[in-house]
Amino acid sequence: MGYWLGKEYEGKGLITKSIKVLINHAFDELKLNKIEIGAATNNLKSRAFLRN
């Protein structure tokens with residue numbers, strides 16, 4: 001999944017909420033047992049999200 005978020009939408013939890021829904025769907029509905037998520041090394045905000 002890729003995304004671009006405009007400055008006016010940053011800090012509102014939109015990506016966090018979206019990713020949580022996708023993860024829940026992947027495990028609960030699709031019965032996946034593993035998900036890998038990556039972010040560019042210079043994308044500090046996306047990397048911070050992945051650490052949570």
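## The largest pocket

Helix α1 gives the biggest share of the lining of the largest pocket, at eight residues. One thing to keep in mind from the start: this is a predicted model. The pocket holds about 780 Å³ of space, and 30 residues line it. The elements that put two or more residues into that lining are α1 (14-28) and α2 (44-51).

Which residues lie nearest the centre of the pocket? They are Tyr-3, Ile-15, Ile-19, Ser-46 and Phe-49. Sorted by class, the lining comes out as 18 nonpolar, eight polar and four charged residues.

## The chain as a whole

Now a step back to the overall picture. The chain has 52 residues, and 12% of them count as buried. Its secondary structure is quickly told: two helices and zero strands. The C-alpha trace spans about 35 × 20 × 20 Å along its principal axes.

As for the outside, the accessible surface of the chain adds up to about 4,700 Å². Carbon and sulfur atoms account for 55% of that surface.

## A nonpolar patch

Six side chains worth picking out on screen are Phe-27, Leu-30, Leu-32, Ile-35, Ile-37 and Leu-50, which form a nonpolar patch on the surface. Taken together, these residues have about 480 Å² of accessible area.

Leu-50 is the patch member to look at in helix α2. Is Leu-50 exposed, partly exposed or buried? Leu-50 counts as partly exposed because its relative accessibility is 33%, and the partly exposed class runs between under 20% for buried and over 50% for exposed.

## Two salt bridges

Side chains of opposite charge can pair when their charged atoms come close. In this model the count comes to two salt bridges.

One of them pairs Lys-45 with Glu-10, with 2.9 Å between the closest N and O atoms. This pair ties together distant parts of the chain: Lys-45 sits in helix α2 and Glu-10 in the segment before α1, 35 residues apart. How do the partners fare for accessibility? Lys-45 has 60% relative accessibility, so Lys-45 counts as exposed. Glu-10, with a relative accessible area of 28%, is therefore partly exposed.

Glu-36 and Lys-34 also form a salt bridge, and here the closest N and O atoms are 3.1 Å apart. Are these two residues buried or exposed? Glu-36 is exposed, and Lys-34 is too.

Notes. Residues are numbered from 1 along each chain as its sequence is written. This is a predicted model: local features need pLDDT of at least 70, side-chain atom pairs count only at pLDDT 80 or more; totals for chains, interfaces and linings use all residues. Side-chain values use heavy atoms; hydrogens and water are left out. On a 1 Å grid over the protein atoms alone, a cavity is a set of points where a 1.4 Å probe fits but cannot get out, and a pocket is an open set with protein on both sides within 12 Å along at least five of seven lines; lining residues have an atom within 4 Å of a point. Grid points are joined across faces, edges and corners, and a volume is the space filled by probe spheres set on the points. Helices (H or I, at least four residues) and strands (E, at least two) are DSSP runs, numbered from the N terminus. Ala, Val, Leu, Ile, Met, Phe, Trp, Tyr, Cys and Pro count as nonpolar, Asp, Glu, Lys and Arg as charged, and the others, Gly among them, as polar. Patches are made of residues with over 30% relative accessible area and no salt bridge: like charges are joined within 9 Å, nonpolar side chains (Val, Leu, Ile, Met, Phe, Trp, Tyr) within 5 Å. Accessible areas come from the Shrake-Rupley method with a 1.4 Å probe; for residues, only the protein chains shown count as cover. A salt bridge is a side-chain nitrogen of Lys or Arg within 4 Å of a carboxyl oxygen of Asp or Glu. Buried means under 20% relative accessible area, exposed over 50%, partly exposed in between (1.4 Å probe, protein chains only).
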